[in-house]
Amino acid sequence: MSFLEPVVPQHPSGLSRAGHTVVAVFLGLIFILGVLNNFLVLLIFAKFQSLRTPINLILLNISVSDMLVCIFGTPFSFAASLHGRWLIGHQGCMWYGFANSLFGIVSLVSLSVLSYERYTTVLRCAKADVSDYRKAWLCVAGSWLYALLWTVPPFLGWSSYGPEGAGTSCSVQWHRRSAGSVSYVVCLFVFCLLLPLLLMVLCYGRILVAVRGVTKINLTSAQRRENHILVMVVSMVTCYLLCWMPYGVVALLATFGRMGLIDPVASIVPSILAKSSTVFNPIIYVLLNNQFYRCFVAFVRCQADPLSSHTFHTQQSSRVEDHPPANSRHLHPPKAGPLPGRQASCPGGPVGSQTQQGDSTLILVVHYMP
């Protein structure tokens with residue numbers, strides 16, 4: 001069958017001409033905004049050297065995967081919606097389903113890796129070596145290999161890719177009830193959505209507890225900066241889950257619910273929400289990331305790197321001394337502190353504040369992560 005063959009097996013769409021037009025409008029907006037936003041992110045990363053830090057490679061990986069979805073995914077479903085049918089044949093449908101699944105899993109895995117990196121630095125006081133890119137590159141490569149591990153099997157006979165919803169997009173064949181298809185859907189949900197979600201909830205939950213403990217004692221500019229950074233990353237995760245969780249739930253209902261429970265029209269909205277995730281991540285970078293926002297303003301005004309004369313650190317930590325005075329207060333349990341034998345402050349030139357009340361001493365050490 002030719003790659004460009006315009007006919008593939010399709011479900012009855014159940015959509016009127018007006019319905020397909022509405023879907024095409026939303027997809028067109030997602031394509032335009034997604035390309036512009038992610039291209040702007042990539043351009044600013046390339047222009048300002050201060051943003052080229054190990055931890056930012058993970059953020060860059062998310063932006064790259066979002067851009068690839070916009071380029072290699074959204075245009076085909078947009079064109080299909082305009083014509084009311086899939087246009088590039090069965091092989092093109094399989095490629096489309098594979099590519100969108102691959103890039104989506106890369107984004108989710110990258111977000112979970114980012115949460116773990118923050119957890120280890122905030123609560124474990126891990127060394128912040130801004131010149132060591134090896135670990136960051138390993139994380140990026142690992143996210144792509146992990147995504148390939150779960151998106152290649154449909155080509156090898158474990159489930160398959162095909163038309164979904166109104167027949168104007170393609171994905172895993174959720175509606176098939178064979179043992180292979182059901183087992184693949186379960187594994188995909190557990191290992192590519194549920195486990196990364198649990199990791200993010202665990203890591204950010206521990207960070208929130210630590211930050212709240214610090215806030216009750218001393219709210220400094222460094223602490224407000226750390227809260228701001230935390231809001232940025234949590235917003236990224238929340239936005240991603242709001243976009244993708246409906247799609248995951250619909251997929252499970254299509255797999256385990258009664259036949260016909262999810263009609264093609266009902267599956268269109270979760271699919272559009274999933275694609276809209278490519279638009280929101282770059283917006284979060286600009287609005288909630290102080291370091292990136294300054295570079296964005298400098299880019300618009302054609303100015304030099306605003307951060308080149310300051311020392312910023314890509315990882316952060318909020319903690320008290322390893323050996324505080326007897327009457328000083330701990331911010332979090334000892335088991336969440338650094339390993340025995342570490343120095344009282346993390347390496348990397350922290351931005352810190354100190355308050356004294358009588359003989360008690362509290363030290364807040366914050367490492368900045370954009």
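# A tour from Cys 302 inward

Start by selecting Cys 302, which lies in the loop between helix 9 (290–300) and strand 3 (351–357); helices (H or I, at least four residues) and strands (E, at least two) are DSSP runs, numbered from the N terminus. This is a predicted model, in which local features need pLDDT of at least 70, side-chain atom pairs count only at pLDDT 80 or more, and totals for chains, interfaces and linings use all residues. Residues are numbered from 1 along each chain as its sequence is written, and side-chain values use heavy atoms, with hydrogens and water left out.

**Two residues with positive phi**

Cys 302 has a phi near 55 degrees, a positive value in a residue other than glycine. Most residues other than glycine have a negative phi. With a relative accessibility of 70%, Cys 302 counts as exposed; the classes are buried under 20% relative accessible area, exposed over 50%, and partly exposed in between (1.4 Å probe, protein chains only).

Next select Ser 159, in the loop between helix 5 and strand 1 (161–164). Ser 159 is not a glycine either, and its phi is positive at about 65 degrees. Its relative accessible area is 7%, so Ser 159 is buried.

**The whole chain**

Zoom out and colour by secondary structure. The protein has 9 helices and 4 strands, and along the sequence they follow the pattern α-α-α-α-α-β-β-α-α-α-α-β-β. Of the 370 residues, 50% are buried. Contact here means heavy atoms within 4.5 Å. Among contacts with a separation of 6 or more, 78% are between residues 24 or more positions apart. Switch on the surface: the accessible area comes to about 17,000 Å², and 68% of it belongs to carbon and sulfur atoms. Accessible areas come from the Shrake-Rupley method with a 1.4 Å probe, and for residues only the protein chains shown count as cover.

**The largest nonpolar core**

Select Ile 105, Val 172, Trp 174, Leu 188, Tyr 204 and Met 236, which touch the most other members of the largest nonpolar core, a set of 51 residues. Such a core consists of buried Ala, Val, Leu, Ile, Met, Phe, Trp, Tyr and Cys residues joined through side-chain atoms within 4.5 Å. Two or more core residues come from each of helix 2 (54–72), helix 4 (89–124), helix 5 (134–151), helix 6 (179–217), helix 7 (221–256) and helix 8 (268–288). Which helix gives the most to this core? Helix 4 does, with 15 residues.

Now centre on Trp 174. Apart from neighbours within four places in sequence, Trp 174 is in contact with Glu 164, Val 185, Leu 188, Tyr 247, Ala 251, Ala 254 and Thr 255. A second core, separate from the one above, has 9 residues, including Phe 292, Cys 295, Ala 298 and Leu 307.

**Asn 281**

Move to Asn 281 in helix 8. Its relative accessibility is 1%, so Asn 281 counts as buried. Which residues is Asn 281 in contact with, leaving aside neighbours within four places in sequence? They are Ile 62, Asp 66 and Met 236.

**Helix 3**

Select helix 3 (residues 74–83) and pick out Thr 74, Ser 77, Ala 80 and Ser 81, which are buried. They cover an arc of only 130 degrees around the axis and therefore lie on the same side of helix 3; the arc is that of the directions from the helix axis to the C-beta atoms. Ala 79 is also in helix 3, but counts as partly exposed at 25% relative accessibility. Draw a distance from the C-alpha atom of Ala 79 to that of Ala 24: they are separated by 7.5 Å, with the two residues 55 apart along the chain. Gly 84 follows helix 3 and has a positive phi, near 75 degrees.

**The salt bridge and the surface patch**

Select Lys 135 and Glu 117, whose side chains meet in a salt bridge (3.3 Å, N to O). The term requires a side-chain nitrogen of Lys or Arg within 4 Å of a carboxyl oxygen of Asp or Glu. Lys 135 is in helix 5 and Glu 117 in helix 4, 18 residues apart. Lys 135 is partly exposed at 46% relative accessibility, whereas Glu 117 is buried at 7%.

Finish on the surface with Leu 145, Leu 148, Val 152, Phe 155 and Leu 156, a nonpolar patch with about 470 Å² of accessible area together. Patches are made of residues with over 30% relative accessible area and no salt bridge, with like charges joined within 9 Å and nonpolar side chains (Val, Leu, Ile, Met, Phe, Trp, Tyr) within 5 Å. Within the patch, Leu 148 belongs to helix 5 and is partly exposed, at 33%.
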